[in-house]
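Student: I would like to learn how to read the empty spaces and the packed interior of a protein model. Could you take me through one example?

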Amino acid sequence: MKAANSNFSLRGIAFFTSVVFLLSLCCFHSGILAADVSEVYEEEFEVVVSERASGDELKLAKRFYAGLGLFYGFPSDLDDVTVTAYDVPMAGWTYQCPTPLETESGIGLNVKGGYFFSENFALEMLFRYHFKYKIDGKYSRTRVFSDAISYISADADGDMKGWDITINPKYFPFGDGIMEGQLRPYLVGGLGYMSGKIEGDILASVMTFYGSDIYYRGTPYSESDTKSGLCGRIGAGCDWFFTNQFAVELELDYTMGFGDVDEINILIVGLNGLVAF
């Protein structure tokens, strides 16, 4: 009986030792497995995060875009317009009045579309409609005779409106932009066609003081002239992409006419909204 109990005890100890060893081994392997799974998960998580970061990165190459906005134009003064002022019939004098035309600033509409060939270069078509630039002109002179004094004057009041369309290469010197790609300064130039219409009313008058008598004669004119020709523009701007698709653009350029429209020169500040596709 003692021998049997001794053998049972030895077998129990051996079984218990085997169970402990197996449990230890399982725990050890499970720890290794958990570590492997954790490492794999972390690597996959890093890949996902990296892909998301790359997806959020602003890439404009090989994408179309469209824009709409307003601009404010500062046109240069126009060439003088010469009108004739007629003196009182008894005098029979006529006077040529070269009246300078001063233009005021005004607003207009921008419509544009283009394609980003690369991060540094885009080609754009721009259409602009100039609603109205106010025109004002004044001329005066005095003629003194032996027995009379004549005051000659001309007053012009009108406006200029029109449109232009240009093809414009745009160069982005900083490529991917600055401030994490959100700001993209650029240089722009272009050639195109413009058409403008100038119309208004002019009153040329002569007031003559002859002794104690006063004589007045006014001659009204209505003028309308439409001119068209080639134009060019040069400027700079900056696009601010606040998302991967939408941007706000601020642009400054100088547009000049050639040939028949060489007197039309306008400094323009534009603000546009852009959508990239």
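Tutor: We will go through the pocket, the cavities, the nonpolar cores and the cysteines in turn, bearing in mind that this is a predicted model.

Student: How does one look for empty space, and what is the volume of the largest pocket?

Tutor: Rolling a probe the size of a water molecule over the atoms shows where empty space is left. In this model the largest pocket has a volume of about 290 Å³. Its lining is made up of 20 residues, of which V81, L101, I198, E223 and D225 lie closest to the centre.

Student: Which strands supply the lining of the largest pocket, and how do its residues divide by class?

Tutor: At least two lining residues come from each of β2 (78–86), β6 (148–171), β7 (183–210) and β8 (213–241), and β7 contributes the most, with 5 residues. By class, the lining of this pocket holds 7 nonpolar, 3 polar and 10 charged residues.

Student: E223 is among the residues closest to the pocket centre; where is E223 found, and is it buried or exposed, or something in between?

Tutor: E223 belongs to strand β8, and it counts as partly exposed because its relative accessibility is 37%, which falls between the 20% limit for buried and the 50% limit for exposed. If neighbours within four places in sequence are left aside, E223 is in contact with I198, E199, G200 and I202. Although E223 and I198 are 25 residues apart along the chain, their C-alpha atoms are separated by 7.8 Å.

Student: How many cavities of 30 Å³ or more does the structure hold, and what lines the largest cavity?

Tutor: A cavity differs from a pocket in that the probe fits inside but cannot get out, and the structure holds 2 cavities of 30 Å³ or more. The largest cavity has a volume of about 80 Å³, and the residues lining it include H130, Y133, M160, W163, M194 and I264. Strand β6 gives the most to this lining, with 5 residues, while β5 (121–144) and β7 each supply at least two. The lining of the largest cavity divides into 6 nonpolar, 4 polar and 2 charged residues.

Student: And what lines the second largest cavity?

Tutor: That cavity, with about 30 Å³ of space, is lined by G196, I198, D225, K227, E263 and I264. By class, these comprise 2 nonpolar, 1 polar and 3 charged residues.

Student: Turning from empty space to packing, which residues of the largest nonpolar core touch the most other members?

Tutor: In soluble globular proteins, nonpolar side chains tend to be buried together. Here the largest nonpolar core has 24 residues, and those touching the most other members are A85, C97, I152 and M160. Strand β7 gives the most to this core, with 5 residues. A second, separate core has 12 residues, among them L60, Y186, F241 and A247. As for M160, residues up to four places away in sequence are not counted, and it then touches P75, L78, K132, Y133, I135, K197, I198 and I264.

Student: C97 is a cysteine, so how many disulfides does a search of the whole structure find, and why does C97 count as buried?

Tutor: The search finds 0 disulfides. C97 counts as buried because its relative accessibility is 0%, under the 20% limit, and C231 is likewise buried, with a relative accessible area of 1%.

Terms used:
Residues numbered from 1 in each chain as written. Predicted model: local features only at pLDDT ≥ 70, side-chain atom pairs only at ≥ 80, totals over all residues. Heavy atoms only, no water. Disulfide = S-S within 2.5 Å. Buried < 20%, exposed > 50% of the residue type's maximum accessible area, 1.4 Å probe, protein only. 1 Å grid on protein atoms, 1.4 Å probe; cavity = no way out; pocket = protein on both sides within 12 Å on 5 of 7 lines; lining within 4 Å. Points joined across faces, edges and corners; volume = space filled by probe spheres on them. Helix = DSSP H or I, 4+ residues; strand = E, 2+ residues; numbered from the N terminus. Nonpolar A, V, L, I, M, F, W, Y, C, P; charged D, E, K, R; others polar. Core = buried A, V, L, I, M, F, W, Y, C linked by side-chain atoms within 4.5 Å. Contact = heavy atoms within 4.5 Å.
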